[in-house]
Amino acid sequence: MKDITITESIKYIGVDDKTIDLFESQYIVPNGVSYNSYVILDEKVAVMDTVDKRKTDEWLTNLEEALAGRNVDYIVVSHMEPDHAASLQVLAEKYPEAKIVGNAKTFNMIPQFFDFDLTDRKVVVKEGETLSLGEHTLQFFMAPMVHWPEVMVEYEQSEKILFAADGFGKFGALDTDEDWACEARRYYFNIVGKYGKQVQALLKKAATLDIQMICPLHGPILKENLGYYIGLYDTWSKYEPEDEGILVAYASIHGNTAKAAKKLAEILEAKGAKKVAITDLSRDDMAEAVEDAFRYDKMVLAAATYDGGIFPCMEDFLHHLKSKSYQKRTVAFMENGTWAPTAGRQMKAFVEGLKDITTVDPVVTIKSTMNDDTVKAMEELADNLLA
């Protein structure tokens with residue numbers, strides 16, 4: 001078992017999954033993902049969430065090692081999504097005297113996934129209620145739609161630990177040496193990002209607590225500089241830009257729109273843009289493109305016209321942005337078409353339907369390939385975008 005120190009009486013029993021190709025069958029995880037689970041050893045023993053069925057056996061071994069022969073008194077279910085709750089029935093049947101701790105919505109969902117008998121095993125908790133384990137006391141706070149309706153978090157009062165469910169999680173196995181913010185940002189905006197208002201509500205609850213450590217269900221345990229992580233979550237959930245910069249996102253059929261997008265990036269850099277990021281929507285990770293769109297305060301959308309509409313990967317990107325509540329940004333447009341370019345008008349109309357979006361003119365039109373007039377229009381667009 002991975003040697004991860006929480007405290008003397010709270011043990012990490014989670015597992016890394018390095019063989020998974022797609023998290024939630026859609027997100028590329030080149031460095032895998034961790035399924036975090038914890039056990040509190042006191043007069044009563046509480047297991048804090050289970051793991052994905054892909055790793056049940058390894059996790060049970062970790063649990064048994066930590067228990068050293070003891071029984072389980074409580075199984076706390078923070079979140080019913082299968083990457084955290086898939087092993088619940090196995091654990092409940094292995095320790096038949098253990099009580100299941102959840103809220104009313106948790107117990108509505110359990111029968112949808114499992115068929116074990118909950119008679120006399122339910123401990124239904126409400127907002128602010130506590131559960132004493134001896135020297136440790138868990139206090140429960142509801143976090144609906146962060147990012148399922150039954151989600152709750154637990155604050156352990158004696159050691160001042162927040163068990164944060166999917167909050168403050170990230171992609172990547174725990175032995176991966178990588179920057180926290182990059183994969184936490186990609187995780188947040190693609191999985192939780194739609195629910196900024198609900199995250200803000202949870203942060204307001206957390207602000208009333210003396211939190212010394214955050215134990216999420218994915219990613220590393222956070223022990224130092226907690227203000228940094230909480231500050232990022234505050235920015236992200238308010239949909240405020242994290243950095244000053246411009247994402248140039250392009251969708252090119254034969255490469256001509258790509259050349260124009262790269263030329264515009266060069267123009268922007270030459271004119272003093274602080275940061276220019278560029279992404280090929282046909283080939284790059286869509287989740288990372290979404291992450292960068294939220295990271296920066298400005299964006300340029302460059303797409304070829306296709307069947308009288310928008311080239312499909314750009315259309316897909318736009319729908320991702322809408323579903324994650326993209327807002328409070330400045331957006332500019334370039335289009336390409338050999339006989340009837342219409343992508344720019346359609347992209348602009350789509351984006352103007354989002355919240356608090358400022359659009360920048362002119363819409364640059366490329367007729368098949370760049371020329372001097374196109375570059376002149378790009379120069380004007382860059383000036384307006386940077387004004």
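# Exercises on sheets, helices and cavities

In strand 15, L162 has I214 as its bridge partner. The structure is a predicted model, and the exercises below work through its sheets, a helix pair, its empty spaces and some backbone details.

## Exercise 1. The five-stranded sheet

Place the L162–I214 bridge in its sheet, and state which strands stand at the edges.

Step 1. The bridge partner of L162 is I214, in strand 15. Strand 14 covers residues 161–163, and strands 14 and 15 pair in the parallel sense over three bridges.

Step 2. The sheet is open, has five strands in the order 11-12-13-14-15, and shows mixed pairing.

Step 3. Strand 11 (130–132) and strand 15 (213–215) each have a single partner strand, so they stand at the edges, and one side of each lacks a neighbour in the sheet.

Step 4. From one strand to the next, the twist averages 20°.

## Exercise 2. The six-stranded sheet and its helices

Describe the order of the six strands, then say which strands helix 1 lies across and which ones helix 4 touches.

Step 1. The order is 1-6-7-8-9-10 in an open sheet with mixed pairing.

Step 2. The edges are strand 1 (10–12) and strand 10 (122–124); each has a single partner strand, so one side of each is left without a neighbour in the sheet.

Step 3. The average twist from one strand to the next is 20°.

Step 4. Strand 9 (residues 99–102) runs parallel to strand 10, and three bridges join them. In strand 10, V124 is the bridge partner of G102.

Step 5. Helix 4 (residues 104–113) packs on the sheet and touches strand 9 and strand 10, with its direction at about 120° to that of strand 9.

Step 6. Helix 1 (residues 56–67) lies across strand 1, strand 6 (38–41) and strand 7 (45–48), and runs at about 15° to strand 6.

## Exercise 3. A helix pair

Classify the packing of helix 10 against helix 11 from the crossing of their axes, and list the residues that meet.

Step 1. Two packed helices are described by the angle and the distance between their axes.

Step 2. The axes of helix 10 (residues 312–323) and helix 11 (residues 343–352) come within 11 Å and cross at roughly 10°. Angles under 35 degrees count as roughly parallel, so helix 10 is roughly parallel to helix 11.

Step 3. On the helix 10 side, M314, L318, H319 and K322 take part; they meet M347, F350 and V351 of helix 11.

Step 4. Sorted by class, this contact has five nonpolar, one polar and one charged residues.

## Exercise 4. Two cavities and a pocket

Give the volume of the largest cavity, of the second largest cavity and of the largest pocket, and state the class make-up of each lining.

Step 1. There are two cavities of 30 Å³ or more.

Step 2. The largest cavity holds about 90 Å³ of space. Its lining consists of V146, V153, L162, A164, G167, F168, V199, L202, L203, A206 and Y233. Helix 6 (residues 196–206) supplies the largest share, four residues. Ten of the lining residues are nonpolar, one is polar and none is charged.

Step 3. The second largest cavity has a volume of about 30 Å³. Its lining residues are D49, T50, I75, V76, V77, H79, H84, A85 and L88. Strand 8 (74–76) and helix 2 (82–85) each supply at least two residues of this lining. By class, five are nonpolar, three polar and one charged.

Step 4. The largest pocket has about 340 Å³ of space. It is lined by 16 residues, and I253, A304, T305, G337 and T338 are the closest to its centre. Helix 8 (256–270) and strand 18 (296–306) each give at least two lining residues, and strand 18 gives the most, with three. The classes are five nonpolar, ten polar and one charged.

## Exercise 5. Backbone details

Locate the cis peptide bond that leads to H147, the one that leads to P362, and the positive phi of M145.

Step 1. The bond from V146 to H147 is cis, with omega near 5°. H147 is in the loop between strand 12 (137–142) and strand 13 (152–156). V146 is also one of the residues lining the largest cavity.

Step 2. M145 lies in the loop between strand 12 and strand 13. Its phi is positive, about 65°, although M145 is not a glycine.

Step 3. The bond from D361 to P362 is cis, with omega near 0°. P362 is placed in strand 21 (residues 355–366).

Key. Residues numbered from 1 in each chain as written. Predicted model: local features only at pLDDT ≥ 70, side-chain atom pairs only at ≥ 80, totals over all residues. Heavy atoms only, no water. 1 Å grid on protein atoms, 1.4 Å probe; cavity = no way out; pocket = protein on both sides within 12 Å on 5 of 7 lines; lining within 4 Å. Points joined across faces, edges and corners; volume = space filled by probe spheres on them. Nonpolar A, V, L, I, M, F, W, Y, C, P; charged D, E, K, R; others polar. Pairing = 2+ DSSP bridges. Axes fitted to C-alpha atoms, helices over the stretch in contact; angles between N-to-C directions. Parallel < 35°, antiparallel > 145°, perpendicular 65-115°, else oblique. Contact = heavy atoms within 4.5 Å.
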